Amino acid sequence: MIMSRIQAPSDETTGNLVDRLLSGLPPEAVLVDPDVTASYANDMASFCEAAVPAVVVLPRTVEQVQHVMRTATELRVPVVPQGARTGLSGGANASEGCIALSLTKMDRILEINPVDRIAVVEPGVVNAALSRAVNEHGLHYPPDPSSWEMCTIGGNIGTASGGLCCVKYGVTAEYVLGLDVVLADGRLMSTGRRTAKGVAGYDLTRLFVGSEGSLGIVVRATLALKPRPPRQLVLAAEFASAAAACDAVCRIMAGGHVPSLLELMDRTTVKAVNDLAHMGLPETTESLLLAAFDTPDPAADLAAVGALCEAAGATQVVPADDEAESELLLQARRLSLTALEAVKGTTMIDDVCVPRSKLGELLDGVDRIAEKYDLTIGVCAHAGDGNTHPTVCFDAADPDESRRARESFDEIMALGLELGGTITGEHGVGILKKEWLARELGPVGMEMQRAVKSVFDPLGILNPGKLF
């Protein structure tokens, strides 16, 4: 019902839209050249419909965002918020006749407060830039998606993204204390707090985190920070089977260890990384497990974990000698998705998260699915929290292979749900997984989700066609 209230504007309406936008925006903030606007059509997901936006707007101030939303409400024009468009679910894909509202120019770090341990930032701040800035104050912003050198804080908030260190430090939602949000009608609302504690009213801040731009436009965020930890050291353990590697993960977690990172790469992923970057990773292994500690004595922690890996059947355990070698191993892990894309030219990246105890069953199931559909499917995983990225590699120019890729992707999500997991641990729903959201939440859950959406966005102009 929400979608039916929006119609794609005609050329005449588009012209009126641009004129209305220019009445409150500088000319350089409004892009209408089709060759330029086409580059804002989509994020990095496959199999997700997208359209060229009617206009792209790049605001620099809160007031400019408010002007865009008031104009969109008056003209009933859909608005698609965008960050760096590094997302993997189609959540930032433009819809027909929309305003693509790119927030990348709102990129100021407004405050870093070492006493209160907070940072106040605009949505276009790049994750890595924030991390480096707070490090200079002896502080640490833990969420670190693999795309951290490109992705923005606004995008991280929109998808509730995670990263490599979630096993110890948690996900983005746990660091968002407060937000300034421009609502669909242009009003500005503040949620949350700057304080270490606070329970006043409903937690609307948490509601906006992961809402994929469907409830409002985040224009400022107050983020919690941690003291900067010691440099971490990494251990690499080779296993002859995925089951043995997953057994090691269970032993590590059951043993009370708190690694700063616990990542898994299967044989297909290891080979892809070597082919792309000549990293010299061991291709004889079926599963490579990386564990890291940022404790005062990481060598002792790695030794304990190394013993658990050997007890689980590791064929070789090699602790890094220093920070440089540790960073090389982490770089290999961060290259995984890029390397897998190079295998066939196109990928579909699953984001299934299961209980840690079910991780081995999921990986065995992925192997069976790859064999069933005669496809290459590499798996890299945040093994410490059960969040996996089975990555289907295929040739998009081959219709039959594309069909099999989509069917295998869906079968992996079905397997994740059967094992008590979720369809997305950190990438969001977007377009790619919206039919699966209904399967996970059920009819009553979906009814409540739509009811919340209608309160914040009664006209349905905010990122239509996403989530449900």
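Which residues of helix α9 are buried? In this predicted model, they are Thr269, Val270, Ala272, Val273 and Asn274. The helix itself spans residues 267-277. An α-helix has 3.6 residues a turn, so residues three or four places apart point the same way. The buried residues of α9 have several packing partners. Two of them are strands β13 (261-266) and β14. Helices α11 (323-334) and α12 (336-344) also pack against these residues, as does strand β17 (376-382). Just after α9 comes His278, with a positive phi of about 50°.

Follow β14 next. This strand covers residues 287-293, and the loop after it leads to α10 (298-311). Asp294 sits in that loop. Its relative accessibility is 6%. The cut-off for buried is under 20%, so Asp294 counts as buried. Its side chain has polar partners. One polar contact, of 2.6 Å, runs to the side chain of Lys168. Another, also of 2.6 Å, joins Asp294 to the side chain of Tyr169. Beyond neighbours within four places in sequence, Asp294 is in contact with Lys168 and Tyr169, with Pro229, Pro230, Arg231 and Gln232, and with Ser260.

Now turn to the cysteines. The structure holds zero disulfides. For Cys165, the nearest cysteine sulfur belongs to Cys166, 5.6 Å away. A disulfide needs the two sulfur atoms within 2.5 Å, so Cys165 is in no disulfide. Cys165 is buried, at 8% relative accessibility. Cys353 is in no disulfide either. Its nearest cysteine sulfur is again that of Cys166, here 9.6 Å away. Cys353 has a relative accessible area of 17% and is likewise buried.

Last comes a pocket. The second largest pocket has a volume of about 1000 Å³. It is lined by 48 residues. Closest to its centre are Gly210, Leu437, Gln449, Leu467 and Phe468. Which helix gives the most to this lining? It is α15, with 10 residues. Helix α15 spans 434-456. Helix α7 (204-208) supplies at least two residues of the lining. By residue class, the lining of this pocket divides into 21 nonpolar, 17 polar and 10 charged residues.

Terms used:
Residues numbered from 1 in each chain as written. Predicted model: local features only at pLDDT ≥ 70, side-chain atom pairs only at ≥ 80, totals over all residues. Heavy atoms only, no water. 1 Å grid on protein atoms, 1.4 Å probe; cavity = no way out; pocket = protein on both sides within 12 Å on 5 of 7 lines; lining within 4 Å. Points joined across faces, edges and corners; volume = space filled by probe spheres on them. Helix = DSSP H or I, 4+ residues; strand = E, 2+ residues; numbered from the N terminus. Nonpolar A, V, L, I, M, F, W, Y, C, P; charged D, E, K, R; others polar. Buried < 20%, exposed > 50% of the residue type's maximum accessible area, 1.4 Å probe, protein only. Polar contact = N/O pair within 3.5 Å; in protein donor to acceptor, adjacent residues only side chain to side chain. Contact = heavy atoms within 4.5 Å.
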